[in-house]
Amino acid sequence: MSFDYRIEESKLLPDIKIFTPEIWTDYRGTMWTHWEKDMDTPEQKISKFTHSRKNVLRGLHGDNETWKHITCVYGAFYLVVVDYREDSPTFLQWDSFTLDDKNCKSVLVPPGFLNGHLCLSNECVFHYTQSYPNEYVDWQDQYSLKWNDPELNISWPINNPILSERDK
(Lines give C-alpha, C1' and ligand atoms only; values in the text may rest on other atoms or scores of the structure.)
Protein backbone atom coordinates (compact mmCIF):
# COMPACT_ATOMS: atom_id res chain seq x y z
CA MET A 1 0.00 0.00 0.00
CA SER A 2 1.24 3.48 -0.77
CA PHE A 3 0.20 6.72 0.89
CA ASP A 4 0.26 10.19 -0.61
CA TYR A 5 2.65 12.78 0.78
CA ARG A 6 3.84 16.16 -0.34
CA ILE A 7 7.57 16.28 0.38
CA GLU A 8 9.25 19.67 0.49
CA GLU A 9 12.78 20.78 1.27
CA SER A 10 13.43 23.44 3.87
CA LYS A 11 14.12 26.73 2.10
CA LEU A 12 17.06 27.45 4.40
CA LEU A 13 18.43 23.92 5.02
CA PRO A 14 17.90 21.77 1.89
CA ASP A 15 18.85 18.55 3.72
CA ILE A 16 15.77 18.91 5.95
CA LYS A 17 12.59 17.37 4.51
CA ILE A 18 9.03 18.33 5.46
CA PHE A 19 6.34 15.70 4.92
CA THR A 20 2.70 16.75 4.58
CA PRO A 21 0.50 13.66 4.48
CA GLU A 22 -2.87 13.20 2.84
CA ILE A 23 -5.32 13.40 5.73
CA TRP A 24 -8.46 11.27 5.76
CA THR A 25 -11.34 12.98 7.54
CA ASP A 26 -14.88 11.82 8.23
CA TYR A 27 -17.47 12.20 11.00
CA ARG A 28 -15.29 10.17 13.42
CA GLY A 29 -12.20 12.40 13.12
CA THR A 30 -8.97 12.23 11.15
CA MET A 31 -6.37 9.64 10.20
CA TRP A 32 -2.99 9.92 8.48
CA THR A 33 0.18 7.94 8.00
CA HIS A 34 3.34 9.23 9.68
CA TRP A 35 5.77 6.77 8.12
CA GLU A 36 5.75 4.04 5.50
CA LYS A 37 8.61 1.59 4.96
CA ASP A 38 8.89 2.48 1.27
CA MET A 39 9.25 6.22 1.95
CA ASP A 40 12.60 7.78 1.20
CA THR A 41 13.61 7.63 4.88
CA PRO A 42 15.93 5.38 6.86
CA GLU A 43 14.59 2.27 8.58
CA GLN A 44 13.18 3.30 11.94
CA LYS A 45 14.50 1.57 15.05
CA ILE A 46 12.98 3.40 18.03
CA SER A 47 9.88 5.50 18.64
CA LYS A 48 9.72 8.08 21.45
CA PHE A 49 7.19 10.55 22.82
CA THR A 50 7.73 13.68 24.87
CA HIS A 51 4.85 15.31 26.73
CA SER A 52 5.40 18.98 27.64
CA ARG A 53 3.46 21.87 29.05
CA LYS A 54 3.26 25.36 27.60
CA ASN A 55 6.57 27.26 27.32
CA VAL A 56 8.76 24.18 27.92
CA LEU A 57 11.74 24.28 25.56
CA ARG A 58 13.73 21.08 24.99
CA GLY A 59 17.01 21.17 23.06
CA LEU A 60 19.10 21.93 21.05
CA HIS A 61 20.47 18.37 20.86
CA GLY A 62 21.86 16.05 18.21
CA ASP A 63 24.57 13.61 17.14
CA ASN A 64 26.31 12.36 14.01
CA GLU A 65 24.48 9.00 13.82
CA THR A 66 20.76 9.51 14.29
CA TRP A 67 17.99 10.30 11.83
CA LYS A 68 14.88 11.75 13.52
CA HIS A 69 11.42 11.84 11.97
CA ILE A 70 9.51 14.35 14.10
CA THR A 71 5.79 15.12 14.36
CA CYS A 72 3.26 16.56 16.80
CA VAL A 73 0.48 14.19 17.83
CA TYR A 74 -1.22 16.57 20.28
CA GLY A 75 -1.16 20.35 20.67
CA ALA A 76 1.42 22.51 18.91
CA PHE A 77 5.14 23.16 19.10
CA TYR A 78 7.75 25.33 17.44
CA LEU A 79 10.55 23.14 16.05
CA VAL A 80 14.01 24.54 15.33
CA VAL A 81 16.61 22.60 13.35
CA VAL A 82 20.27 23.75 13.24
CA ASP A 83 22.92 22.51 10.83
CA TYR A 84 25.83 21.45 13.05
CA ARG A 85 28.03 19.89 10.33
CA GLU A 86 31.26 21.89 10.36
CA ASP A 87 32.02 21.15 6.69
CA SER A 88 28.56 22.25 5.50
CA PRO A 89 27.92 25.53 3.65
CA THR A 90 24.93 26.02 5.98
CA PHE A 91 26.88 25.34 9.21
CA LEU A 92 25.12 26.99 12.21
CA GLN A 93 22.18 28.12 10.06
CA TRP A 94 18.72 27.20 11.29
CA ASP A 95 15.13 26.89 10.15
CA SER A 96 11.91 26.66 12.11
CA PHE A 97 8.57 24.90 11.65
CA THR A 98 5.29 24.92 13.52
CA LEU A 99 4.00 21.38 13.90
CA ASP A 100 0.60 20.67 15.37
CA ASP A 101 -2.13 18.07 15.55
CA LYS A 102 -4.06 19.88 12.79
CA ASN A 103 -1.45 20.19 10.03
CA CYS A 104 -0.07 16.65 10.67
CA LYS A 105 3.28 17.64 9.17
CA SER A 106 6.50 15.88 10.04
CA VAL A 107 10.13 16.88 9.62
CA LEU A 108 12.98 14.51 8.78
CA VAL A 109 16.21 15.59 10.51
CA PRO A 110 19.41 13.86 9.34
CA PRO A 111 22.53 13.17 11.43
CA GLY A 112 24.68 16.20 12.12
CA PHE A 113 21.75 18.48 12.88
CA LEU A 114 20.50 19.75 16.24
CA ASN A 115 16.82 20.07 17.02
CA GLY A 116 14.85 21.72 19.78
CA HIS A 117 11.19 22.37 20.36
CA LEU A 118 9.06 24.80 22.33
CA CYS A 119 5.55 23.81 23.42
CA LEU A 120 3.12 26.48 22.17
CA SER A 121 -0.16 25.00 23.40
CA ASN A 122 -1.20 24.28 26.99
CA GLU A 123 0.19 20.77 26.46
CA CYS A 124 1.83 19.08 23.50
CA VAL A 125 3.10 15.63 22.57
CA PHE A 126 6.27 15.48 20.46
CA HIS A 127 6.73 12.16 18.65
CA TYR A 128 9.93 11.12 16.97
CA THR A 129 11.09 7.91 15.43
CA GLN A 130 14.82 7.40 15.25
CA SER A 131 17.16 5.34 13.13
CA TYR A 132 20.88 4.91 13.51
CA PRO A 133 23.44 2.61 11.86
CA ASN A 134 25.08 1.29 15.03
CA GLU A 135 24.20 1.84 18.69
CA TYR A 136 21.55 4.16 20.07
CA VAL A 137 23.11 7.52 21.01
CA ASP A 138 21.77 8.47 24.45
CA TRP A 139 21.65 12.00 25.86
CA GLN A 140 25.07 11.92 27.56
CA ASP A 141 26.77 11.22 24.20
CA GLN A 142 24.89 13.87 22.22
CA TYR A 143 26.10 17.38 21.61
CA SER A 144 24.08 20.37 22.71
CA LEU A 145 23.96 24.08 22.15
CA LYS A 146 22.15 26.56 24.35
CA TRP A 147 18.71 27.51 23.06
CA ASN A 148 19.71 31.21 23.13
CA ASP A 149 23.27 30.90 21.80
CA PRO A 150 24.06 34.40 20.42
CA GLU A 151 25.96 32.93 17.47
CA LEU A 152 22.76 31.22 16.29
CA ASN A 153 20.42 34.16 16.99
CA ILE A 154 17.31 31.94 16.84
CA SER A 155 13.97 33.76 16.84
CA TRP A 156 12.11 31.83 19.52
CA PRO A 157 8.53 33.04 20.15
CA ILE A 158 9.29 33.62 23.88
CA ASN A 159 12.27 34.95 25.84
CA ASN A 160 11.96 33.03 29.10
CA PRO A 161 11.17 29.35 28.45
CA ILE A 162 10.97 26.58 31.04
CA LEU A 163 14.25 24.63 30.75
CA SER A 164 15.89 21.52 32.19
CA GLU A 165 19.27 21.85 33.88
CA ARG A 166 20.86 20.39 30.75
CA ASP A 167 19.38 23.12 28.55
CA LYS A 168 20.12 26.15 30.76
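Me: In this predicted model, which residue in β9 is the bridge partner of Leu79?
Reply: Start from the strand that holds the residue and look across to its neighbour. Here the partner of Leu79 in β9 is Phe97. The strands β8, residues 76-83, and β9 run antiparallel and are joined by seven bridges.

Me: What is the strand order of the open sheet?
Reply: Read the pairings from one side to the other. The five strands are ordered β9-β8-β11-β6-β13, and their pairing is antiparallel. At the edges are β9 (94-100) and β13 (143-144), each of which pairs on one side only.

Me: Take Ser144 in strand β13. Why does Ser144 count as partly exposed?
Reply: The class follows from relative accessible area, with partly exposed lying between the 20% and 50% limits. Ser144 has 35% relative accessibility, so it counts as partly exposed.

Me: Which residues does Ser144 touch, leaving out those up to four places away in sequence?
Reply: Ser144 touches Leu60, His61 and Arg166. Arg166 is 22 residues from Ser144 in sequence, with a C-alpha to C-alpha separation of 8.7 Å. Their side chains make a polar contact at 3.4 Å.

Me: How many disulfides does the structure hold?
Reply: The check is the distance between cysteine sulfurs, with a limit of 2.5 Å. The structure holds zero disulfides. For Cys72, the closest cysteine sulfur is that of Cys124, and at 5.7 Å it is too far for a bond.

Me: Are Cys72 and Cys119 buried or exposed?
Reply: Cys72 is buried, because its relative accessible area is 0%. Cys119 is buried too, at 1%.

Terms used. Residues numbered from 1 in each chain as written. Predicted model: local features only at pLDDT ≥ 70, side-chain atom pairs only at ≥ 80, totals over all residues. Heavy atoms only, no water. Pairing = 2+ DSSP bridges. Helix = DSSP H or I, 4+ residues; strand = E, 2+ residues; numbered from the N terminus. Buried < 20%, exposed > 50% of the residue type's maximum accessible area, 1.4 Å probe, protein only. Contact = heavy atoms within 4.5 Å. Polar contact = N/O pair within 3.5 Å; in protein donor to acceptor, adjacent residues only side chain to side chain.
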